[in-house]
Amino acid sequence: MISQGKNTKLTTAIMTATHTKKFLIIRLLCFSALAFFMFVLNSALAEKWEEKRRRMIEVDLKPRGITSTEVLKAMMDVPRYEFVPESIRGLAYADRPLPIGEGQTISQPYVVAWMSEMLELEKGMKVLEIGTGSGYQAAILAELGAHTFSMEIRPNLARDVKIRLRLLGYRVQVRQGDGYYGWKEHAPFDRVIITAAANHVPRPLLDQLKPGGKLILPLGNVRYYQNMTLIEKNSEGETRASQHGQVRFVPMVGRAQE
Ligand code: SAH
């Protein structure tokens, strides 16, 4: 026989269980509704960014002469807004450089596409970038199928960009240090891209370029303008430079300025 006290305890236990169950169901429903709302919001935002990227391709890249389908596809696929500070994300797809902190800038989309196109990359090539900055150019190189190595001299930028590229899923090896000396352990490279202005071509970077390789950099007066310069090394190791137009980049610091 169950006593009165035990009976009450049992009823209370059943009521508590029913309550807990109801509470759990309500929580589950709320959570599902929130997840669904986030999903819809995310899709809407993704569509908005995608539309902006499409415009960037049609208005800023194609009319100015970017023709490589691979480069245009990479520019379409890499979410540039993820590489600029949150406060100025609305400007992510404007064709202009933007500040990324420490007085540095992410290059304008046209220049990124142009430099990438001039490199004439093939999948699996080993590429060294000097000046990782936000990581955007590096992500484009990785998207193009390059085995990408990138060096950044500023410790804070290097730390942040390593995290950003990892979170976004780009396979880029980033090292903090003066890119003037290159990255000996991984040399030689098929391509070298310097995304900071220098008044001469760093000798170690030329030495780490394979025969048949290409190196590109903004070369000239680091305080004013530079000329986009492409250096090609032939199979005998001789180099030939060609100039492609005026640009303005932040200066390469460290040994390049001594
Ligand atoms: N490619 C970057 C933009 C480059 S801005 C992007 O896509 O966002 C130039 C970068 O070069 C800056 O981050 C600057 O800190 C870095 N830099 C300058 N001198 C350097 C050097 N000697 N070695 C490596 N990085 C350098």
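**Fold, core and ligand shell**

The chain has six helices and nine strands, taken as DSSP runs (helices: H or I, at least four residues; strands: E, at least two) and numbered from the N terminus. This is a predicted model, so local features need pLDDT of at least 70 and side-chain atom pairs count only at pLDDT 80 or more, while totals for chains, interfaces and linings use all residues. Residues are numbered from 1 along each chain as its sequence is written.

Of the 258 residues in the chain, 35% are buried, that is, 20 or more other C-beta atoms lie within 10 Å of their own, with C-beta atoms placed from the backbone. Contacts (C-beta atoms within 7 Å, again placed from the backbone) often reach across the sequence: of those with a separation of 6 or more, 53% link residues 24 or more positions apart.

What about the inside? The largest nonpolar core (buried Ala, Val, Leu, Ile, Met, Phe, Trp, Tyr and Cys residues joined through C-beta atoms within 7 Å) has 60 residues. α4 hands over the largest share of this core, six residues. M75 and I140 are among the residues with the most contacts inside it. Setting aside neighbours within four places in sequence, M75 touches I57, L61, P109, A113 and I140 by the contact criterion.

Then there is the ligand, with 25 residues around it, counted when the C-beta atom, placed from the backbone, lies within 6 Å. G131, G133, S134, Q137 and G179 come nearest. β2 (104-106), α4 (136-143) and β4 (147-152) each supply at least two shell residues, and β2 gives the most, with three.

Methods
A residue is buried if 20 or more other C-beta atoms lie within 10 Å of its own, exposed if 12 or fewer, and partly exposed in between; C-beta atoms are placed from the backbone. Two residues are in contact if their C-beta atoms, placed from the backbone, lie within 7 Å.
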